[in-house]
Each structure stands twice: as structure tokens, then as C-alpha cells.
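Colleague: I would like to learn how to read a model of a protein with RNA, one feature at a time. Could we begin with how the chain is divided and then move on to the details?

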Amino acid sequence: MSAYRKYAKLPGFRDFPPEELAFRNHIFDAWRRVAGRYGYREYDGPPLEELELYTDKSGSEIVGQLYEFTDKGARRVALRPEMTPSLARILAGRSRALRKPIRWFSIPQLFRYERQQRGRLREHFQWNVDLVGEPGTGADAEVLAVAIDGLRELGLGAADIRARVSDRILLSGVFAALEVPPGLTPGVFAALDRIEREPVERIHERLAGPGGLGLGRERADAVLEFFSDPTIGRIERDFAGSPRVAERGAELRQYESVLGDLGFADFVEFDFSIVRGLAYYTGIVFEIFDRAGRFRAICGGGRYDRLMEHVGGDRLSAVGFGMGDVVLGEVVRGRGLLPEYRPGVDYYIISISVAEAPLARRIAGVQRRLGRSVVYTLGGKSVKKQFSSAAALGAGSVIVLGPDEVERGVAVVREMASGQEREIPIAELTDPARGKSPSETLRAS
RNA sequence: GUGGGCGUAGCUCAGUUGGUCAGAGCGCCAGGUUGUGGCCCUGGAGGUCGCCGGUUCGAUCCCGGUCGCUCACCCCA
């Protein structure tokens with residue numbers, strides 16, 4: 001041990017040694033494959049943005065947790081806590097030149113300054129998928145389909161996860177029918193966001209009480225009564241008299257059938273108690289949970305039709321979601337879907353004596369140029385150790401160079417899994433024109 | 001931000017009612033002679049028992065503080 005001090009990683013941040021990074025990439029790869037299947041293109045932006053980009057547009061919860069500081073140029077900056085404002089900023093400058101709808105996705109590393117706990121660190125990676133420039137609910141359905149497909153790609157099925165969908169437009173209609181003043185609608189959303197965490201009496205007080213919204217007892221009763229059974233069937237039955245509700249209800253049924261056509265009926269259900277904390281959502285919102293309810297939300301998203309103009313762009317409708325790697329990683333692990341980690345190399349070249357080392361390097365050079373992964377000992381270890389290293393590295397085959405064989409112009413190639421050995425002309429291994437690998441030769445012979 | 005639990009080798013942990021108590025397994029390194037792995041055997045490296053202070057003749061073990069981890073609350077990218 002050295003006399004110098006040790007450094008630990010900052011709280012809430014993670015290291016990714018190879019096995020961990022392999023798991024992370026397993027998730028990222030699934031995300032990229034699925035996004036690609038839906039025609040989405042990957043983009044990225046800077047991890048550091050002007051502070052105001054977030055203080056103006058994000059919900060106050062996010063603002064309170066900003067990882068912010070003043071840089072050496074006296075600029076107030078923040079590590080990005082979410083990707084959507086950056087996307088809006090990026091598109092504000094170029095959306096006019098882009099054919100609509102715009103299908104983009106990103107896997108940014110996001111930051112927040114908050115005490116860490118299970119499923120919630122100070123840093124995480126989030127799959128952000130956005131569809132910009134299409135106001136219809138067909139776009140909402142497509143985006144949710146991408147999210148579910150991303151999870152399905154990792155092995156999670158309808159028995160493991162479900163998407164709960166709500167709609168702020170429909171709910172606004174319901175509230176209007178319940179005679180809630182339009183100006184109080186956001187406050188009602190905020191109060192109802194707590195419906196699964198607080199007793200109804202408290203919610204009632206928030207809605208009706210003098211210190212609350214001042215809805216009045218009767219209207220608060222009506223709102224809570226509605227939320228005791230907030231299903232679409234209920235809405236269609238009880239609010240048929242409201243044209244606004246009826247029209248939007250039909251729209252949601254259409255949305256539902258689109259998801260059915262795409263094969264996701266088993267994953268999706270309407271649940272109008274879902275509100276979503278972010279302030280900028282304007283229409284359909286959704287969250288995806290594990291059915292067992294053991295974890296936090298895996299994914300959340302929805303429509304945000306005003307954000308683009310808020311950051312100086314054109315008014316463009318948009319819908320998107322964010323899916324974090326932390327909770328998802330826990331769900332995938334918990335479900336036993338963690339892939340086996342077995343790294344490997346194509347060849348390990350063993351030199352019996354130091355005399356063969358230059359030949360080993362020549363073979364390695366040629367084979368690497370042919371695209372194969374090759375390792376040989378750097379330290380002149382015993383043959384036994386070299387074999388041990390080969391096994392530990394997961395070598396598919398070992399090329400053994402011994403004085404006797406080299407004398408005869410051949411090398412011994414041992415296939416590690418079977419232990420089978422064959423002699424191969426060294427000329428074959430050092431000839432860049434020969435694309436065939438030793439193990440292929442082995443199988444062919 | 002609030003409260004509970006925890007903090008001994010790289011990892012998982014044992015241990016002393018304060019005095020050979022600094023340990024095990026795994027991992028790592030090296031050997032088990034002369035050209036062959038994954039098993040086995042032997043040996044070794046590695047810890048100021050999270051950090052600081054206090055009590056004591058003496059603390060890893062008691063007390064206080066602090067940092068970190070963790071769970072819950074708050075809140076939710």
C-alpha cells in the first residue's frame with residue numbers, strides 16, 4: 001500500500017468495471033436495436049447546460065435537485081437533470097429544416113443532486129425517445145410501443161410489466177364536468193398525484209380546505225368520488241353528457257386500438273390516477289411499472305406540446321419518454337434476466353521458449369489485421385501459466401509455438417473447449433491473404 | 001432535508017462481555033522441476049478493524065462526533 005491517501009467515488013456515482021459495463025451495454029444495445037426498428041435516430045448534446053434552461057421549464061422538483069454551479073466564466077450552469085429541455089433547445093434551431101415527424105432518441109447520462117437511495121442515484125443513464133411534430137394520438141401510441149418493446153427486448157413480458165396510461169385532456173374535461181374552475185385544474189392534478197400516498201381525508205382537505213384549493217366540499221367530494229374508480233369505462237358511462245369528454249374518450253379508444261394492433265394490448269391499461277410530476281405535460285401521460293410493485297416506475301413519459309416554443313423554437317407538438325437504467329437494471333436482475341458474462345478472445349499464442357516470441361508477434365499482427373482478437377504473454381511466463389492465462393481470457397483456441405514444430409514449419413493449434421489439437425503450417429498463420437482462421441482450419445480438416 | 005440500521009483484507013463475512021483478536025472462504029500472486037488450461041495441494045502478498053476525538057494502564061470491541069453505505073419519509077429525472 002502506498003503512503004498516499006485513497007480516493008473513494010463520490011456518493012451516488014457508479015463505477016463500471018467490465019462485468020458491470022457489459023450489463024449496461026446489454027441494456028443500451030437493446031434500447032438502440034428497438035429504437036432503430038422504429039426508425040428513430042440517435043443524437044446527443046452536452047452534459048452541461050445553462051442553468052436557466054431548467055429553472056424555467058422543468059418542474060420545481062427537478063429544479064430543487066439541480067447539480068448546479070458557477071463556471072470560471074461566471075456562467076450559471078447545471079449538469080443536465082433531464083434530456084427534454086436540451087432536445088427542445090437543439091430542435092429550436094433546426095426543426096424547420098427537418099422533415100416531420102422527427103424521430104430521435106438518446107441515451108444521456110443525467111445528474112441530480114439529491115440524497116441517494118434504492119433506485120435513485122445522483123447519476124443515471126436514461127433512454128430518451130421523442131417523436132416531434134405529430135399531434136395525433138397515433139404518435140402517442142407509437143412512443144409507448146417503443147418503450148414497451150425496449151423492455152420486451154430485454155426479456156420482460158406482459159406478466160412482468162404494465163403501462164398505466166392517463167390523459168390530462170380527458171381529465172380536464174371530467175373536471176370541467178364536475179364544475180372545477182379551469183384555473184384550478186393544475187392544482188387538482190398536483191393534489192391527486194398524492195392519491196396513492198396520502199389518506200383521502202388529506203387529499204380532500206387539499207382540494208376543499210381554506211388552506212388548499214378552495215374547491216368547496218361538494219366539488220371536492222365529487223372529484224374524489226370520481227377517483228375512487230377512475231376507469232375509462234366509468235368515464236364513458238358517467239360523463240357521456242359532456243361532448244368534450246365523449247370526444248376525447250373516443251380518441252383514447254382509438255389510441256388503445258392502435259396499441260392493440262401493434263401487439264401490446266396485454267401491456268397497457270388506462271389508469272387516470274397517474275398524473276406525472278413534470279409540469280410540461282399536456283396530454284396523454286404514462287408510466288411503466290413492474291407488476292409485482294417491488295420497484296419504482298421503470299419509465300415515464302407523455303405529450304408535451306408547448307415545450308418547443310418555450311425554449312424559443314416553433315410551436316411543435318411532441319411526445320416522448322425517459323427510461324432509466326437503474327431501476328430497469330434492478331428489474332432485469334430481479335427477474336433473472338441478467339446475461340452471462342463471458343468475454344473471450346479468438347486466439348492466445350503460446351511461446352514454449354523465448355525464441356518463438358518474435359514469431360508469436362508476427363502471427364498476432366497478421367491475425368489482428370484479419371480482424372481476430374489475439375493475446376500473447378508479455379512477461380515470458382511458463383507454458384503452464386500461459387495456458388492458464390489463455391483459459392482465463394476465454395481464448396477460443398491456443399496457438400502453440402514450440403522449437404520442434406517451428407523447425408518443421410508448423411504450429412500446434414489447440415481448441416480449448418474440446419482440447420483437440422492439430423498441426424497447421426505457420427505460413428498459413430502469417431499470410432495476410434489467408435482469411436481462414438486456425439479454428440476454421442481445424443474444423444475443416 | 002428528517003429518522004432507523006450498518007461500516008473488520010479486492011469480495012462475502014467471522015471475532016473479542018476492552019488485554020497474542022487481527023481471522024476464514026473466495027479472489028490475486030508464486031510454487032508442485034524439464035513443452036499444455038479449467039481440478040487439487042503448498043506457500044505468499046494484502047487490513048493503522050471507515051475517519052477524528054474521548055473514557056481507560058490498554059479500544060477493532062465502550063462513548064461522542066464525522067464521513068460513507070443502506071432502508072424508510074419527503075420527492076420523483
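Modeller: Let us begin with the domains, keeping in mind that this is a predicted model. Chain A is divided into domain 1, residues 18-334, and domain 2, residues 345-444, and the C-alpha centres of domain 1 and domain 2 lie 54 Å apart.

Colleague: Which strands pair with strand 16, and in what sense?

Modeller: Pairing is read from the bridges between strands, and here strand 15 (residues 395-401) and strand 16 (residues 410-415) pair in the antiparallel sense over 4 bridges, with isoleucine 399 having valine 413 in strand 16 as its bridge partner. Strand 16 is also joined by 5 bridges to strand 17 (residues 421-425), again in an antiparallel arrangement, and there valine 410 has proline 425 in strand 17 as its bridge partner.

Colleague: What should I look for in the hairpin of strand 16 and strand 17?

Modeller: One looks at the residues between the strands and at their backbone angles; this hairpin has 5 residues between its strands, and glycine 419 takes a positive phi near 80°.

Colleague: Why is strand 16 described as largely enclosed by the rest of the structure?

Modeller: The description rests on burial, where buried means under 20% relative accessible area. In strand 16, 5 of the 6 residues are buried, so the strand is largely enclosed by the rest of the structure.

Colleague: Turning to the RNA, which residues come nearest to RNA strand B?

Modeller: Of the 39 residues around RNA strand B, those that come nearest are Arg112, Gln116, Arg194, Asp404 and Met416. Sugar and phosphate account for 48% of the atoms of RNA strand B that come within 4 Å of the protein.

Colleague: Which parts of the RNA do arginine 112, methionine 416 and proline 81 approach?

Modeller: Here one asks which atoms form each pair. An N or O atom in the side chain of arginine 112 is 2.3 Å from a base nitrogen of RNA strand B, whereas for methionine 416 a backbone N or O atom lies 2.6 Å from a base nitrogen. Proline 81 places a backbone N or O atom 2.9 Å from a sugar or linking oxygen of RNA strand B.

Colleague: Which element supplies the largest share of the surface near RNA strand B, and how is that surface made up by class?

Modeller: Helix 15 (383-392) supplies the largest share, 6 residues; helix 3 (60-64), strand 7 (123-132) and helix 16 (403-407) each supply at least two residues. By class, this surface has 17 charged, 13 nonpolar and 9 polar residues.

Methods:
Residues are numbered from 1 along each chain as its sequence is written. Chains are lettered from A and ligands numbered from 1 in the order in which they are written. This is a predicted model: local features need pLDDT of at least 70, side-chain atom pairs count only at pLDDT 80 or more; totals for chains, interfaces and linings use all residues. Side-chain values use heavy atoms; hydrogens and water are left out. Domain bounds come from an automatic or database domain assignment. Buried means under 20% relative accessible area, exposed over 50%, partly exposed in between (1.4 Å probe, protein chains only). Two strands pair if DSSP finds at least two bridges between them. A residue is near a molecule or strand if one of its heavy atoms lies within 4 Å of it. A polar contact is a pair of N or O atoms within 3.5 Å; within protein, one must be able to donate a hydrogen and the other to accept it, and residues adjacent in sequence count only if both atoms are side-chain atoms. Ala, Val, Leu, Ile, Met, Phe, Trp, Tyr, Cys and Pro count as nonpolar, Asp, Glu, Lys and Arg as charged, and the others, Gly among them, as polar.
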